[in-house]
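Here are my comments on the model you asked me to look over, set out as numbered points.

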Amino acid sequence: APPKDYDSIPAFHDKLLRSKRILAVCGAGLSAASGLPTFRGAGGLWRNHDAIQLATPEAFGDDPGLVWLFYAYRRHMALQVQPNAGHHALAAFAKRNPDFLCLSQNVDNLHLRAHHPAPQLRLLHGSLFSLKCSRQPQCTWTDPYNDADPLCPSLAAAADDNDPTLLDASKPLAPIPTSALPHCPECQTGLQRPGVVWFGEPLDEAMLDDIEAWIAADVVDMVIVVGTSSVVYPAAGFAEDARTEGKTSVVTVNMERSVAGMREGDFMFTGDAASLLPELLK
Ligand code: BJW
């Protein structure tokens, strides 16, 4: 059993005050209070499709129109919602602590919209608001920021709040032909695709090198794991890599009591990240 003060805010603040190098690893639960669904568990279905299955190169290869509708809808939703107090607490913490680095698996752009300093943020899985060529790495075309909503006329249903067809799985969707999807302006043959990292795809190599160098440079005093099931690698591995036994405090902030990677002696705060983080990081 964890020691009895594992959920003591004063004990946590005592450790935090004595911590200099701090790493956060964030996931979808951080944006839940903003109104965006998580991947695993309730909310992880879109029109009876498992979000995890749609987030694959295979799904895009099979039916790029369907996958694009899913992403066009997620772009639309992310633009409708606001960063929450959890994003703001992390951003303010970063401004006060130059040795704090935040790794986020979230692609919703809410960290940056909360004015998290970009040099202290790494977007592990890319962004819904960047585009790349489906023929990557052969074609290197990217658009680093595009928030057109809808992205193109064939995806208009995803941006229409008055059209319920998209969310009602009993209503069939008209297939979107590949010819109606935006093509790569550079190679002309590939399709434009969301600038996110799907299963089986490599994360940006320079970003990974840079994170590994940051972790290796000196002892990490504290690791904060927020709103992630910690099952997707390499993201889940960073909290492990940053642990130096006996020197690193690890705190998990999650709606659920049990999360992968937690160890005896870690801090655990159970609840909504949007209400806990302002209290923990103040
Ligand atoms: C709250 C809350 C509230 C709710 N407050 N909490 C080692 C071992 C085994 C497998 C692998 C391995 N290394 C690599 C792999 C394969 C694979 C992998 O990890 N598989 C595992 C699932 C087994 N990894 C990859 O494929 C990665 N690529 C790779 O490794 O490449 C190697 C390579 C090298 C060279 C050449 C080629 C390849 C890529 C992984 C990409 C993941 N992509 C996605 C989609 C992104 C785009 C999109 O958004 O659509 O990323 S999948 C999805 O999962 C998304 C998320 O970022 C990611 C993590 O999910 P997250 O954020 O943890 O969400 P949930 O839903 O799981 O959890 C939410 C949590 O919040 C829960 O715990 C709730 O309780 C909690 N919560 N409300 C606080 N209010």
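The points below take up the two sheets, their strands and the surroundings of the ligand.

1. The model is predicted, and every remark that follows should be read with that in mind. Its six-stranded sheet is open, with the strands in the order β5-β4-β1-β9-β10-β11 and with parallel pairing. Because β5 (121–123) and β11 (267–270) stand at the edges with a single partner strand each, one side of each is left without a neighbour in the sheet. On average, and with direction ignored, neighbouring strands of this sheet are turned by 15° against each other.

2. Strand β4 deserves attention together with its two partners. Strand β1 (residues 22–26) and strand β4 (residues 100–104) run parallel and are joined by 5 bridges; within this pair, I22 stands opposite F100 and L23 opposite L101. Towards the edge, β4 is joined to β5 by 3 bridges, again in the parallel sense, and here S104 faces L123 of β5.

3. How much of β4 is buried? The count is 5 of its 5 residues, so the strand is largely enclosed by the rest of the structure. In a regular strand, side chains alternate between the two faces of the sheet. In β4, F100, C102 and S104 point one way while L101 and L103 point the other way, and all of these residues are buried.

4. Strand β10 (residues 249–254) calls for a similar comment, since 6 of its 6 residues are buried and it is therefore largely enclosed by the rest of the structure. Both of its faces are covered, with S249, V251 and V253 buried on one side and V250, T252 and N254 buried on the other.

5. The pairing of β10 can be followed on either side. With strand β9 (residues 222–226) it pairs in the parallel sense over 5 bridges, and V226 stands opposite V253 of β10 in this pair. Between these two strands the chain passes through helix α9 (residues 235–241), and the resulting β-α-β crossover from β9 to β10 is right-handed. With β11, strand β10 forms 4 bridges, also in the parallel sense, and the bridge partner of N254 in β11 is T270.

6. The three-stranded sheet is also open, but its order is β7-β6-β8 and its pairing is antiparallel. Its edges are formed by β7 (142–143) and β8 (192–196), each of which has a single partner strand, so that one side of each is left without a neighbour in the sheet. Strand β6 (residues 126–133) and β8 are held in antiparallel register over 5 bridges, with K132 standing opposite R193 of β8.

7. Which residues come nearest to the ligand? Of the 33 residues around the ligand, these are G27, G29, Q105, S229 and Y233. By class, the shell is made up of 19 nonpolar, 10 polar and 4 charged residues, a breakdown worth having at hand when the ligand surroundings are inspected.

8. Finally, the shell around the ligand should be viewed with the domain assignment in mind, as at least three of its residues come from each of domain 1 (1–36 + 83–125 + 202–282) and domain 2 (39–80 + 127–196).

Conventions: Residues numbered from 1 in each chain as written. Predicted model: local features only at pLDDT ≥ 70, side-chain atom pairs only at ≥ 80, totals over all residues. Pairing = 2+ DSSP bridges. Axes fitted to C-alpha atoms, helices over the stretch in contact; angles between N-to-C directions. Near = placed C-beta within 6 Å. Nonpolar A, V, L, I, M, F, W, Y, C, P; charged D, E, K, R; others polar. Domains from an automatic or database assignment. Buried ≥ 20, exposed ≤ 12 C-beta atoms within 10 Å, placed from the backbone. Right-handed = clockwise from strand over helix to strand, strands pointing away.
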